[in-house]
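Trainee: I'm new to this one and a bit lost. Please pick a single spot, look at it closely with me, and then show me what lies around it.

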Amino acid sequence: MNEAQDLFSLLRQSTDVDPLAIDAIKRTIAEGKDRELCRINAPAFASKHGLDEERTISAFLHAARVGIFDVSWNVLCPGCGGVLDTNATLKTLQKDEYTCALCSQGYSPTLDEMVEVTFTVSPRIRRIAAHNPHDLPMVEYFRQIYWASGVDVPDEDFAKKLESFSLEDIELAPGEKAVLPIQLPSEFIIVFEPVTHSAQFIDVKGEPTKERRSLSLVFDRDHVQNQTLEMQPGPLRISLENRTDTRVLPAVFIAGEALHDFLGKRRPFLTAKRLLTNQTFRDLYRADTLDIDQRLKITSLTFLFTDLRGSTALYERVGDLAAFDLVRAHFQVLHEIVAAEAGAVVKTIGDAVMATFATPDRAIAAALRMRDAMRALNDTSGREDLLLKIGVHAGPCIAVSLNERQDYFGQTVNIASRVQNLANTQAIFATRAVVDDNLTADLLHRNALTPVPHEVSLRGIEREIAVYTIP
């Protein structure tokens, strides 16, 4: 406990960490159940404790940085919500495709909804059962290890929920063999093993039979998917053999309404995309995010570019020292606004800023606040010194590591930069991908702003695109 107290004292020294979030984290570590401290879903934690979501995520990041939590980057199956792979850092996520045996589907990982980021209490702070996952009861293995934090697993009666779509289950030690007798119903059956992520599908149909049939299944690391079998309803003896060096937990599931209802219950979780666009994460982890050779896909990310118009003339007009102070003040204001709108500044280039946001509405909210902030700074000085051009675009991109920092590459980035070049200092320019977003439309409606469309040609882009002026 002395080490925990020291680490929490260190955490409280960070002035930008919400003390209410720290109190909730400390209380949960002291009083919470073991499962509440394994793969914590930060947005769900914030909701449960009535905390601000962004400040809670920031608190968990700071707590992980000082050693209170271990961070896990989990590759998810978008179908069933199962965890297909677990990584201590994003750098080790190197596979081009992951296969879910339970869903019998292959997926190319994206950082949008296929990679979650969770926090597990460090064993230095408190030992929990999940630190030794192969000692967990089967029910808790499924709850804490197999299913992701975005699956809305009930806090109570989870065992009964699992029983509602399970016929049988068994635990096999390394090298152990067993026979599992079952009565096949007229349903689609899945013999699923969550440790090796292996599955055998059985399509049960036709006339019932009393004939006793046999099926042999071997669990190893090489064969995770077998061809679907067709069988009649009736008795079946499943011979099971564990050829791995850990225990396995085969279970017989009925792929019916109860299973699909369970898998359909989801809740928000912290995606890798959202974390990469978090200013606290970029400040704390900097170049530790991606390996130099990694190229990770993001289905949709929103980019905001700004630039000061006439900055050269500004230096000439007011002098180098005064101009530098004005430009620095403008950078500080933009950084604060980006962070407040759940975005992150990727880099500054001269007097320009490149920032990212998980959703278009947060980028537009930031743009509106930036415009108002520059007007306020100009009103204070009594001169139109800070004339800000803003462009916003959203679309697919690649997350990369360039010049020892996490960066982005792709046509979406190029278009966003070109749109900013079109902007004047009286309006924000945004593309159709941004203004057609439902949340963005609501935001603009609340502010009585009507985007004005026009087709434009952008340098380096073959086709004309629709760009909207937000007055």
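Mentor: Let's start at Trp 147. Leaving out residues up to four places away in sequence, Trp 147 touches Cys 80, Gly 81, Gly 82, Val 83, Phe 142, Phe 158, Leu 162, Phe 165, Phe 262 and Leu 263; touching, or contact, means heavy atoms within 4.5 Å. Before going on, keep in mind that this is a predicted model, where local features need pLDDT of at least 70 and side-chain atom pairs count only at pLDDT 80 or more, while totals for chains, interfaces and linings use all residues. Residues are numbered from 1 along each chain as its sequence is written, and side-chain values use heavy atoms, with hydrogens and water left out.

Now zoom out a little. Trp 147 sits in the largest nonpolar core, which has 90 residues, and together with Phe 69 and Tyr 408 it has the most contacts inside that core. A nonpolar core here is a set of buried Ala, Val, Leu, Ile, Met, Phe, Trp, Tyr and Cys residues joined through side-chain atoms within 4.5 Å. Buried means under 20% relative accessible area, exposed means over 50%, and partly exposed is in between (1.4 Å probe, protein chains only). Helix H4 gives the most to this core, with six residues. Another core, of 37 residues, lies apart from it, and includes Ile 364, Ala 366, Val 434 and Val 435.

H4 leads us to helix H1. Helices (H or I, at least four residues) and strands (E, at least two) are DSSP runs numbered from the N terminus. In H1, which covers residues 2-12, Ala 4, Leu 7, Phe 8 and Leu 11 are buried. Seen down the axis of H1, these buried residues fall within an arc of 100 degrees, so they line one face of the helix; the arc is that of the directions from the helix axis to the C-beta atoms. They pack against helix H2 (19-31) and H4 (53-66). Over on the other side of H1, Asn 2 and Asp 6 are exposed.

Just along the chain, Ser 14 is in the loop between H1 and H2. Ser 14 is partly exposed, with a relative accessible area of 22%. Its C-alpha atom is 8.1 Å from that of His 62, though the two residues are 48 residues apart along the chain.

One last stop takes us back to Tyr 408, another of the core residues with the most contacts. Strand E18 (residues 405-409) runs antiparallel to strand E17 (residues 388-402), and five bridges join them; two strands pair if DSSP finds at least two bridges between them. Leu 402 has Arg 405 in E18 as its bridge partner. The two strands form a hairpin with two residues between them, and Asn 403 in the turn has a positive phi of about 55 degrees.
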